[in-house]
Every structure is written in structure tokens, then in C-alpha cells.
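Grab a pencil and have a go at these exercises. Try each task yourself before you read the worked solution.

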Amino acid sequence: MLVDLPGGWSPLLGRLAWSQIPYANPILAPLFVAVVIGAIIILGLITYYGKWTYLWKEWLTTVDHKKLGVMYIIIGLVMLFRGFIDGLMIRTQQVWAVGPHSSGVFGSLHGYLTPFHFGQVYSAHGLIMILLAATPLLVGFMNIIVPIQVGARDMAYPYLNALGLWITAAAAALIMISLFVGDFAHNGWFEYAPIFELQYSPGVGVDYWMWTLQLVALGTTLGGINILATIIKMRAPGMTWGKLPIFVWTSLAANVIALTSFPALQVALGLVAADRYLGAHFFTAGMGGNLMLYTNLFWIWGHPEVYFVILPAFGMMSEIFPTFSEKPLFGYITMVLASMAIAGVSWLVWLHHFFTMGAGPFVNTAFSVATMLVGIPTGVKVFNWAFTMYRGRLTFNAAMLWAIGALFLLLVGGFTGMMLAIPAINYMVHNSVFVVAHFHSMLLVIVYAIFGSVLYWFPKVFGFKLDEFWAKTMFWLFSAGTVLVFVPMYMLGFMGMTRRLEYVFDTGWQSYLTVMELGIVVYVFSVLAFFILLYVSVRDHAKNRVGADAWGTSRSLEWMTHSPVPFYNFAVLPHINERDELAWRRQHGIDQVRPEHYEDIHMPNNTGVAIILGGLTFVLGFALTWRIWWLCIVSLLAIILLMIIRSFKGDPGYIITGAELQRMEEEAYRREAQVLDSHHSHPVSGGVVGNAMAYQRNDSSK
Amino acid sequence: MSHGATDPTMHPEVQLSTSKGYFLGFAISIALMLLATALVTSHSVPPFGLLMVITVCAGIAVIAQIYFLLHIDISEHNIWNTVALVLFIPLFLITIGLTWWMFSQLYLRTMDMSVMSSVTNPAVHAPATPKLSDMSGMNKNPDSGN
Ligand code: HEM
Ligand SMILES: [Cu+2]
């Protein structure tokens with residue numbers, strides 16, 4: 001072997017051994033039992049109700065962008081929950097282990113987590129929240145909404161879309177299994193050189209971290225390619241760049257960032273792998289290695305990545321504000337330019353994550369100025385949203401509340417970011433909890449935008465609204481939790497509390513930590529409110545059904561098709577006349593127009609290949625982590641073979657005939673009429689109504 | 001805007017690809033990589049010359065891949081590939097350029113320059129990864145963390 005591997009290794013099982021299963025751990029062992037029982041119950045229920053074929057046919061093999069999006073969101077929510085539990089554990093350890101007299105249990109001197117376990121918890125928390133909660137949630141929404149908003153029937157590459165989902169799922173599974181088999185990394189979510197080298201982190205933790213990250217990077221890149229191609233090539237007739245809905249624009253900007261920046265991460269991780277597996281010296285302290293290069297490479301991706309996650313959130317806010325202000329978005333053009341500017345500048349600022357490395361005044365000043373430049377387009381956006389609401393007819397429903405909350409958090413996070421961008425200040429607070437509070441404010445912008453979007457787009461996808469009362473309850477609890485946790489965190493940051501402390505030496509900080517613990521308990525209640533929200537909404541769904549335009553004041557294309565959206569999205573592709581097409585049609589009285597006749601349409605077939613490839617990717621990641629070489633080779637060969645076979649087979653797709661389409665559409669209209677109880681007549685159009693074109697006519701250009 | 005059931009393999013940009021081109025691109029890349037590896041492992045060229053040779057190899061490989069694998073040319077139907085390449089240039093300059101600048105400034109302040117010169121002019125070949133047992137203060141038990 002190329003490296004001197006500590007501990008045992010066998011050809012059959014690699015580094016895997018019974019001793020790697022933490023059955024004596026007082027937290028993990030009961031959790032493991034609970035997970036197994038839960039899994040048995042779920043699998044049992046699926047079998048009992050005979051839902052396996054349904055699950056396989058309708059979900060696991062689907063290439064429908066909406067279902068894939070829903071599954072992305074489910075993965076994201078599950079991982080958000082897991083990451084939240086990690087957060088709860090971190091807070092509890094810190095409030096417990098204050099001062100030399102604090103008690104300790106479970107083998108820990110203070111608190112209930114040993115330093116090694118505490119390290120694993122915060123490392124997993126960070127990685128999960130950014131890459132396996134926020135990212136899949138946003139990718140899920142882009143998946144669902146972008147194709148409908150550009151008036152397409154699916155993504156440009158439906159099969160690739162499924163592949164991206166299942167690779168992301170494989171990454172989530174890999175980090176979850178690290179709970180029960182072996183350990184996870186304990187050096188932080190972005191790791192450090194050279195401590196992640198095999199000599200200093202001899203366990204499998206860093207390998208789990210590395211392959212998980214590598215898989216998410218792969219899945220997200222595939223998704224990014226798909227969304228870009230969809231936006232560029234699949235727009236409905238008449239949709240010029242100037243008429244693109246704003247969420248599509250921000251998705252475009254975000255995915256340009258993803259496509260260009262993720263490779264930097266993948267290269268960095270590949271070099272880490274070379275160090276750990278092949279005995280190379282890219283990031284070692286001596287022997288020609290350069291440990292600062294790792295930090296540099298990581299943040300070359302890392303900072304663009306934070307804008308990759310914030311830009312879609314900006315897009316969501318830009319959709320929610322106009323709908324509930326009953327006004328068009330203020331400053332569309334500047335909004336587009338700001339999104340693109342943010343994407344561009346995001347490439348110029350990465351060094352602000354390591355001002356303290358010591359590159360000196362010239363370098364630090366340049367990156368400081370570049371960082372502050374980001375504030376300009378961001379400020380433009382904030383003002384645009386404010387002016388959108390100014391003198392609008394505002395509806396303060398739950399979705400709007402989340403969006404407004406996001407706006408306030410953006411201010412907090414933005415201004416603290418500006419402070420951090422000043423090297424002189426940065427030297428004081430770098431690696432303190434002030435930084436932690438800053439980026440949590442920012443990431444909470446995303447969480448708020450996501451919950452706003454869940455409420456906003458849920459009726460579009462499922463055909464009924466979520467319960468307002470519980471949604472608002474959840475919002476207020478969540479916001480109270482946010483204030484209680486993060487205001488003291490900012491203050492502690494100023495007092496000099498460094499991040500990632502498993503033991504808090506200064507007893508003067510106790511009261512702050514207690515308030516934060518209280519805050520996280522309030523968060524727990526908001527999570528409960530979310531579960532109640534789901535339960536109540538599903539229970540009462542018959543009462544809350546909606547028609548195509550769920551809010552009555554929506555503006556963009558997705559609200560023109562049925563709710564829930566049929567699998568073909570649009571029976572006849574609409575012709576786009578204006579930027580806010582639905583608002584425009586409403587104004588011109590043609591929003592109720594129906595197509596006169598239906599033509600055959602072409603749809604992609606389902607495929608089981610994607611989920612099998614995802615499963616094999618998981619096996620590959622697991623085998624690489626544990627160095628089970630034969631399994632690596634087998635799974636890699638299987639992946640390559642399957643890809644070759646699939647590419648020779650291709651997918652001819654299938655045809656839905658016009659007659660069939662007409663039947664389905666009429667049924668959908670009937671259902672909608674029952675909901676809305678509406679009796680007004682619907683004009684029929686073969687294309688042109690008055691001087692406006694509703695649908696593309698056959699004789700017009702293709 | 002192309003929708004519908006037209007055969008995707010008939011698109012002009014897809015028509016550009018031939019298996020001969022792919023194999024050639026692959027073969028050239030592999031050959032250059034093997035050459036570079038052989039030169040590095042055999043130490044048959046002095047360090048500075050070695051750096052030059054492998055840089056040239058990398059350059060040729062990049063061009064071969066752009067031409068044979070990515071089919072980037074300036075024709076109309078390839079416009080998106082070309083746009084992607086043009087977009088790549090500023091990013092390349094930013095990442096490599098700023099990194100280079102950053103490190104040159106950083107080294108001035110943090111590196112012992114007499115050590116640095118040994119990178120381009122090593123007195124002895126660096127030893128392989130030290131054995132774990134040779135490292136003082138090393139924790140040899142993978143389970144117990146720090
Ligand atoms: C106005 C825009 C922003 C500015 C000026 C800014 C500035 C900064 C600076 C200077 C740091 C480094 C602090 C240090 O470690 O000493 C930092 C850290 C960070 N920021 Fe921001 N930031 C901005 C927006 C964002 C956004 C939009 C996000 C994410 C959505 C974000 C997420 C983060 C993260 C994750 C870290 C630290 C990661 C870590 O150390 O673990 N920031 N920010
Ligand atoms: Cu940053």
C-alpha cells in the first residue's frame with residue numbers, strides 16, 4: 001500500500017471492523033435502535049398498504065422535474081432536521097460545560113460530549129446545513145419552478161436530473177451512515193491542512209467528509225448544467241431574456257456560479273484524496289507541500305458557494321414580495337444586473353476568509369475593497385424590495401412574513417459582513433462566534449426564504465394551501481428563537497468567545513449561553529409547529545383546495561397551469577407577451593382563455609437507471625472511505641457499464657395524443673371549477689385574442 | 001428554440017463529434033500525462049527544466065482536449081461552447097493570478113526564503129511519507145481522536 005495505514009486492514013472488509021460500530025455510545029446506540037425500529041415500521045407500512053409498485057413507478061424511477069424537486073426538498077428537510085439536532089447538541093454542551101466546576105457525564109470531563117465527539121457534531125452540522133440542507137432545498141425549488149416559469153414541459157435533460165438527485169441522496173446517506181459506522185471528521189466543516197492528513201487524522205472521519213462533499217459537488221454540478229440548459233434552450237415562444245421571471249434570472253446567476261466554482265472544490269478534494277490515499281504531499285507542512293494552498297483552494301469555491309445559495313433565496317423573495325404587494329417588482333432590470341454583478345464579484349473576494357493568514361496590507365486591502373463592493377448590488381436589491389412594497393396593497397400572510405423576516409436578517413448579516421470585511425476588525429473577531437453569528441444571519445435569510453417559498457409554492461405543487469394559523473405560529477416561534485440565539489451570540493463574539501468551544505472557560509458568559517439555550521428550545525417548538533402545520537394542512541386539504549392562481553394576485557407563468565401541475569406542465573405551450581405574463585393577461589381579460597385544440601406532445605420515459613447509479617455511487621463512496629478496494633472496483637465498473645448501456649439505449653420518449661390530453665385537461669378544469677365554484681364562461685382561443693396572442697399558433701414560426 | 005421529438009444526435013454540435021476525435025484526444029492526453037510522470041519520477045531533467053517541460057505538456061494537453069473533446073471552434077452552432085470558454089478566461093486569470101499574487105506576498109512574510117530556494121534546487125530528494133511510528137507525539141489509535 002502507498003500509505004502507512006494505522007489500525008487494521010483486511011482485503012475483504014478494508015478498515016471496517018466490529019469495533020467501528022459505536023454500540024457502547026450512550027447517545028448513538030439508542031438512536032440506532034430507534035432508527036432501525038422506525039425503518040422497519042415504515043417499510044412494513046409500505047408493504048402492508050401495497051405501495052411498493054406505486055413508490056417505484058411514481059417516485060423512485062421518475063424523471064418528472066416536479067417530483068424530483070419534491071424529493072430534493074424532502075431530503076433537504078430531513079437533513080435540516082438532522083443538522084438542527086446537531087445544533088441543539090452544540091448549544092446544550094456549551095451551556096452545560098461552563099467553568100471548571102461544571103459537571104460531566106458519559107466520559108466527558110465537562111458537559112456530555114467529549115472533545116472528539118463535539119468536534120464531529122459541529123463538523124457534521126456545518127457540512128450538512130450548507131450542502132445537504134440549504135443546497136438540496138434550493139435545487140429542489142429551482143427544479144420545480146424554473147421549467148414551469150420558462151414554459152417548458154420538463155428539464156432539458158430529465159434523466160440527468162434524476163441522476164443528480166440520486167447522487168445527492170447518496171451523499172446524504174453517506175454522511176448519515178457515518179453516525180453508526182465509524183466516526184465523522186472532527187476538524188470543522190471546511191477542514192484544515194495539515195490536520196486532515198492521514199498522520200494527524202488517522203480515522204475514517206476525514207474520508208467520510210471528503211467523499212460526501214465530493215458527491216454533493218458532483219450532484220449539484222449535474223443539476224446546475226441542467227438548469228442552465230433549460231433556461232437557455234427551453235424557453236416558451238415569446239419569452240425573450242427581458243421577459244424572464246426574476247427567479248429564473250437568479251437561478252441562472254446561481255448556477256453559473258455553481259458550474260464554475262464546484263470544480264475548484266473537487267480538485268482540492270481530489271488532492272486531499274491523493275495525500276490521504278496515495279501518500280502525496282500537496283497539503284503537508286513540509287516536503288514541498290503547501291498547507292495554505294488548501295485554505296486558498298477551498299475558499300475559491302467556498303465564497304462563490306455562499307452566493308450560490310443566497311441568490312436563489314433572493315429570487316424567491318423577489319417572487320413573494322410582488323405577489324403580496326399587488327405590484328410589479330420594482331426595478332426589474334437593476335435586479336437582474338445586481339444578480340449578475342453579485343455572481344461576478346463573488347469570484348473576487350474569497351481571501352476575506354483568511355485575512356489573518358498574513359498576506360499583508362496590499363492583498364488584504366484589495367480583497368477588503370472587493371468584498372465591500374458586493375454590498376452595492378445587495379443594497380440595490382434591498383431597496384428594490386422596499387420600493388416594491390412601498391404603497392403596495394400588502395397582504396401579511398405567512399409567506400410574506402417569512403420574506404420580510406428574510407429582508408431584516410439580510411440587513412443584519414450584510415452589515416456584520418461589511419464589518420468583517422474590514423481587515424482591522426477582522427483581526428479582532430476572526431474565528432470568534434461573531435463570525436458564526438454573521439453567517440448564520442445570512443444562512444437564515446435562506447431558511448426564511450425557503451419556508452416562505454414552501455408556503456408560497458406548496459399550493460402550486462400539491463393543489464391545496466398550507467394552514468395559515470400554524471404557519472404563522474411557526475414563523476413567530478422561529479423568529480423568537482432566532483433573536484434569542486443570535487443576539488447573545490453577536491455579543492459573545494465581541495467579548496472574545498472563540499468558535500467551536502467544547503468547554504467554556506469564562507463563567508461570565510454563562511447567562512448569555514443560557515439565553516441561547518432558551519432560544520434553541522423555542523426553535524424546538526417551532527419545529528413542532530411545522531409538524532403540526534403539515535398534519536393540519538393535510539387533514540384539512542379538501543377545504544383548502546386552490547385553482548390555477550392560488551393567491552389570486554400571482555404574476556408569473558407557473559400560476560397559469562393547473563394546481564397541482566399536471567406532469568406535462570402545459571397542455572399547449574403559452575405564448576409569452578409580457579414580463580409578468582399572468583398579471584398582463586389578467587389585465588387584458590384573457591387569463592381564463594383556454595386552447596381550442598390540443599396537439600400530440602412528446603414526454604420522456606421513466607428510468608430505473610438513475611436510482612441504481614445513485615445506489616452504486618453510495619457503495620463507491622462507502623468503499624472508498626473504508627478502503628475496501630475490491631468493492632471500489634466492482635462498483636466503479638458497474639457504474640461505467642451501466643452508463644454505457646444506457647447511452648446506447650437512449651430514450652425515445654413517448655407520445656401523449658391530443659385526444660388524451662384534451663380528456664385530462666377537461667378533467668382538470670372540472671376539478672378546478674368545483675374548487676372555485678365558478679360559473680363564468682371561458683373563451684376559447686386558437687391563438688389570438690383581440691390583439692394579444694395567448695398560445696402559439698401552428699402557422700407561426702417554430 | 002427547439003422543442004419536440006427531433007433526434008438529438010442530428011444537432012450540428014453533436015455531429016461534430018467523431019469517435020476518432022475522442023480517441024485521439026484521449027490518447028494524446030494519456031501520452032502526455034505518462035511522459036510527464038516518467039520525467040518527474042526519473043528526475044532526469046534538472047528541476048527548473050522539469051517545471052518547463054511539464055508546463056508545456058500540460059499546455060498541449062489542454063489544447064488537444066479543447067479541440068478534440070470539447071470541439072470548441074468559432075462556428076455559429078458552437079456559440080455556447082465558445083461563450084463558456086470565453087467566460088473561463090477571466091475566471092482563470094482571477095483565480096490563478098490572485099492566488100499567485102497572494103502567495104508571493106504571503107511568502108515574503110511567512111517563509112524562510114533559504115528553505116524556499118531548496119524547492120527549486122533541492123539538496124536531497126525529499127523522503128517518502130514518514131512512518132507513523134517515527135513521528136513523535138503521534139496518536140496511534142484511530143478511534144480515540146486527539
Ligand atoms: C454583504 C455580503 C457579505 C459580506 C461583506 C461578507 C463578509 C464575510 C467575511 C469578511 C467573512 C470572514 C469572517 C472571518 O472568518 O473572519 C465571512 C464569513 C462567512 N460568510 Fe459572509 N459575507 C457576506 C455575505 C454572506 C452570504 C450571502 C453568506 C451565505 C449565504 C455568507 C456566509 C458566510 C460564511 C458561511 C462564512 C464563514 C464560514 C466559516 O468560517 O465557517 N456571507 N463573511
Ligand atoms: Cu465569503
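Here are four exercises, each with its solution in steps.

This is a predicted model, where local features need pLDDT of at least 70 and side-chain atom pairs count only at pLDDT 80 or more, while totals for chains, interfaces and linings use all residues. Residues are numbered from 1 along each chain as its sequence is written, chains are lettered from A and ligands numbered from 1 in the order in which they are written, and side-chain values use heavy atoms, with hydrogens and water left out.

**Exercise 1.** Describe how the two domains of chain B touch.

Step 1: get the bounds. Domain 1 of chain B covers 15-71 and domain 2 covers 75-112; such bounds come from an automatic or database domain assignment. Their centres, taken over C-alpha atoms, are 20 Å apart.

Step 2: look at the contact (heavy atoms within 4.5 Å). Domain 1 of chain B puts in 4 residues, and domain 2 of chain B puts in 4 residues.

Step 3: find the buried area, meaning the accessible area (1.4 Å probe) that two parts lose on being put together, summed over both. For these two domains of chain B that's about 230 Å², with carbon and sulfur atoms giving 49%. On the domain 1 side, B:L16, B:I66 and B:H71 lose the most, together 82% of what that side buries.

Step 4: check for charge pairing. Between domain 1 and domain 2 of chain B you'll count 0 salt bridges, a salt bridge being a side-chain nitrogen of Lys or Arg within 4 Å of a carboxyl oxygen of Asp or Glu.

**Exercise 2.** Find the salt bridge partner of A:R82 and say where the pair sits.

Step 1: recall the idea. Side chains of opposite charge can pair when their charged atoms come close.

Step 2: find the partner. The side chain of A:R82 meets that of A:D86, at 3.4 Å from N to O.

Step 3: place the pair. Both belong to helix 3 (residues 65-96) of chain A, 4 residues apart, or about one turn of the helix. Helices here are DSSP runs (H or I, at least four residues), numbered from the N terminus.

Step 4: zoom out. Over all chains, the count comes to 11 salt bridges.

**Exercise 3.** Track down some unusual backbone spots in chain A.

Step 1: know the usual case. Most residues other than glycine have a negative phi, and most peptide bonds are trans.

Step 2: look for cis bonds. One joins A:A193 and A:P194, with omega about 0 degrees; A:P194 is in the loop between helix 5 (158-177) and helix 6 (205-233) of chain A. Another joins A:S563 and A:P564, with omega about -5 degrees.

Step 3: check phi. A:R391 isn't a glycine, yet its phi is positive, about 60 degrees. You'll find A:R391 in the loop between helix 11 (375-389) and helix 12 (398-420) of chain A.

**Exercise 4.** Compare the UniProt "transmembrane region" annotation of chain B with the model.

Step 1: read the record. UniProt (unreviewed entry) gives residues 21-42, 48-70 and 82-103 of chain B.

Step 2: check the model. Residues 21-42 of chain B are 100% helix, with end C-alpha atoms 31 Å apart. Residues 48-70 of chain B are 96% helix, and their end C-alpha atoms lie 32 Å apart.

Key
Helices (H or I, at least four residues) and strands (E, at least two) are DSSP runs, numbered from the N terminus. UniProt positions are given in the numbering used here, feature names are shortened, and annotations may be inferred rather than shown by experiment.
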